[in-house]
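Trainee: I've got a new model on my screen and I'd like to learn how to read it. Can we walk through it together?

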Amino acid sequence: MHIKYKKAWKQNIIYEIYPRSFKDSNGDGIGDLPGIISKLDYLQSLGVTALWLNPIYKSPDIDHGYDITDYYAIQPEYGTMSDFDLLLEEVHNREMGLLMDLVLNHTSDQHPWFRESRSNKHSRYRNYYIWRPAGADGGPPNNWTSYLGKSAWTFDEENEEYYMHLYNSTQPDLNWDNPDLRESMYKMMRFWLDKGIDGFRIDAVNAISKDQTFPDSNLSRLQSNGEPFIKNGPNIHDYLQEMHEKVFSHYDIFTAGEMSYISEQDVLDYTHPDRKELSMVISPEATTLGNLPEDEFKQKEWTLDELREVMQKWQKNVGDPGGWFGLYFSNHDQPRLVNTFGHPGKYRVQSAKMIGTMLYTLKGTPFMLQGDELGMTNNPKLHSIDDIKEQQAIAYYDVMVNERGEDEEKIMQRIRRKARDHARTPMQWDESIHAGFTTGEPWLPVNPNYKEVNVKEQESDPYSVLNYYRQLINIRKNHAALTYGEYKAILTDHPQVFAYLRLFEDQTWLVLLNFSEEEAAYSLDSNDIERLSDPRLLIGNYKEPNEIIDLKSGVLKPYEAIVLAPSLH
């Protein structure tokens, strides 16, 4: 049976499915639940232990499921509740778990609660949302901006008040300070848990408690300048402990809370078992190292020192005292993994394998996005604003080009690099038309490299990215050192090589990763060499296993990955 989470949930290997883009079963160009069912054998063969589904609830689809109108119904494009029940059964039959995406911060403005809240100031649902009168100047209550770069407030003419939204104006924020709202959400959670799902990935969970004195922000940034007042708010731990007591503690599940704007102490507070809040935190911090704080569409070159700093924080400062975290290097909100950390051209295969090696040899619970196991890349067909479907990039174009008069090509260059749609283009199954995703017209264009980068092609190639991922996953599942072992960074001044030891009981593992397209010479400290007991090359993206490596010094090829393990068998 699938992993019993109260005992061994940390050992999970979690695969994120973006349902709209995974597999279409009926030719309408949109992925669906029967399509996912048809590919469960593939997912089982990959070795993953749990599937995370992005939202499949009923929605007007402005934010592709993160704007919910009915938490108890399946989006018709994806199928029916019977389809979901069959999916859950078939997932469990293959000894995997299923996580639902839980959206707690906001609903759609088409949700019956908001419609009632908007139409009647005396309704019990009025206080399910955050309404405020205009500020002293007749404008919004404060100067906060949304994650889309516009005001976090929208004026409702009928009510003559503003409602708050951290995202689109069509996604009004819920008021978690209202106990009736909290009880309604707990009831919804129990509905899905009673069906037998295995847990939740909780969207933007540390934003549900806000500072409702609503002070102005003095941050000079385009997106979410009010973040200090909306993250880790005054009642967040009370609400999560209440949620755990009333819901989570009654089921054999685990929870992964997506968060940003967090410190090491925050993660300990959220995840230490004694706190009874969440099982783990997942943070996109590593994937956003290239973002400029004043405008996340503006990019800079990130450095290996910055990556080491992030890893030290989550691997050592949180992990060793008893907190827990997910390894969250890619997801549906970021460009493709190879474009972020590797080389999508000449060294696509090598860098995809190198990044996978990092993912599966660090402490924590690894998450992977569909297509990572193939080394999928950003899609060059997303060229003009008319090609873009995701709301954040569309809003950015509107603010910068239409409102501020910025040069369109300059703004499009930023969007082409950063757009979330790169992670959402259809899964590439084979070399047939539309990569075997659909027999119709896909909702987003398939990457033109699909004839070379697809599951069928890689299944038959023993040296493919796909089969390398299978090896990595198998190694991780069979060696507890990789999940639980202590992390110790080495070669910390090297400009190209990210290196670390994993220490577990009497075992010492060594991982060497070249993050550049140039060869990288290295020399290990004698104390670190002495820790290694009769080491052998367990896996590498250039060499065959068991080849003896010179421990004292050596040269890594471009994007080379080496994992040395003690001779355990």
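Mentor: Sure. Helices and strands here are DSSP runs, numbered from the N terminus, with at least four residues for a helix and at least two for a strand. Keep in mind that this is a predicted model.

Trainee: How many helices and strands does the chain have?

Mentor: Counting that way, you get 19 helices and 22 strands. The radius of gyration of the chain is 24 Å, close to the 25 Å that the globule rule gives for 569 residues, so the chain is as compact as a globular protein of that length. For a feel of the dimensions, the C-alpha trace spans about 75 × 50 × 50 Å along its principal axes.

Trainee: What share of the residues is buried?

Mentor: Buried means under 20% relative accessible area. By that cut-off, 62% of the 569 residues in the chain are buried. As for the surface, the chain exposes about 21200 Å², and carbon and sulfur atoms supply 46% of that area.

Trainee: And what about contacts between residues far apart in sequence?

Mentor: A contact means heavy atoms within 4.5 Å. Take the contacts between residues at least 6 apart in sequence: 71% of them join residues at least 24 apart.

Trainee: How far apart are the mean positions of the positive and negative charges?

Mentor: They are 2 Å apart, taken over 59 positive and 88 negative charges.

Trainee: Which domains is the chain divided into?

Mentor: There are three entries to look for. Domain 1 comes in pieces, 14-103 + 331-355 + 366-382 + 419-478, while domain 2 covers 112-164 and domain 3 covers 486-566. The centres of domain 1 and domain 3, taken over C-alpha atoms, are separated by 31 Å. Their contact takes 13 residues from domain 1 and 15 residues from domain 3.

Trainee: Now for single residues. Which sign does phi have at Glu160?

Mentor: Glu160 has a positive phi of about 60°, although it is not a glycine. You'll find Glu160 in the loop between β7 (153-156) and β8 (161-164). With a relative accessible area of 59%, Glu160 is exposed.

Trainee: What about Phe214: is it buried or exposed?

Mentor: Phe214 counts as buried, at 9% relative accessibility. Its phi is positive too, about 50°, and Phe214 is not a glycine either. Look for Phe214 in the loop between β9 (199-203) and α8 (227-230).

Trainee: Where does Leu556 lie?

Mentor: Leu556 is in strand β21, residues 553-556. Its relative accessibility is 0%, so Leu556 counts as buried. Leaving aside neighbours within four places in sequence, Leu556 is in contact with several residues, including Val497, Leu512, Tyr522 and Ile562. Asn514 is also one of those contacts. Leu556 and Asn514 are 42 residues apart in sequence, and 6.5 Å apart in space, C-alpha to C-alpha.

Trainee: Which residues does Pro380 touch, not counting those up to four places away in sequence?

Mentor: Pro380 touches Asn447 and Pro448. Pro380 is in the loop between β15 (365-369) and α14 (391-403). Exposed means over 50% relative accessible area, and Pro380 counts as exposed at 56%. If you want a pair to try your distance tool on, pick Pro380 and Leu532: they are 152 residues apart along the chain, and their C-alpha atoms are separated by 45 Å.

Conventions. Residues are numbered from 1 along each chain as its sequence is written. This is a predicted model: local features need pLDDT of at least 70, side-chain atom pairs count only at pLDDT 80 or more; totals for chains, interfaces and linings use all residues. Side-chain values use heavy atoms; hydrogens and water are left out. The radius of gyration is taken over C-alpha atoms; the globule rule is 2.2 Å times the number of residues to the power 0.38. Buried means under 20% relative accessible area, exposed over 50%, partly exposed in between (1.4 Å probe, protein chains only). Accessible areas come from the Shrake-Rupley method with a 1.4 Å probe; for residues, only the protein chains shown count as cover. Lys and Arg count as positive and Asp and Glu as negative; His and the chain ends are not counted. The place of a charge is taken as NZ of Lys, CZ of Arg, CG of Asp or CD of Glu. Domain bounds come from an automatic or database domain assignment.
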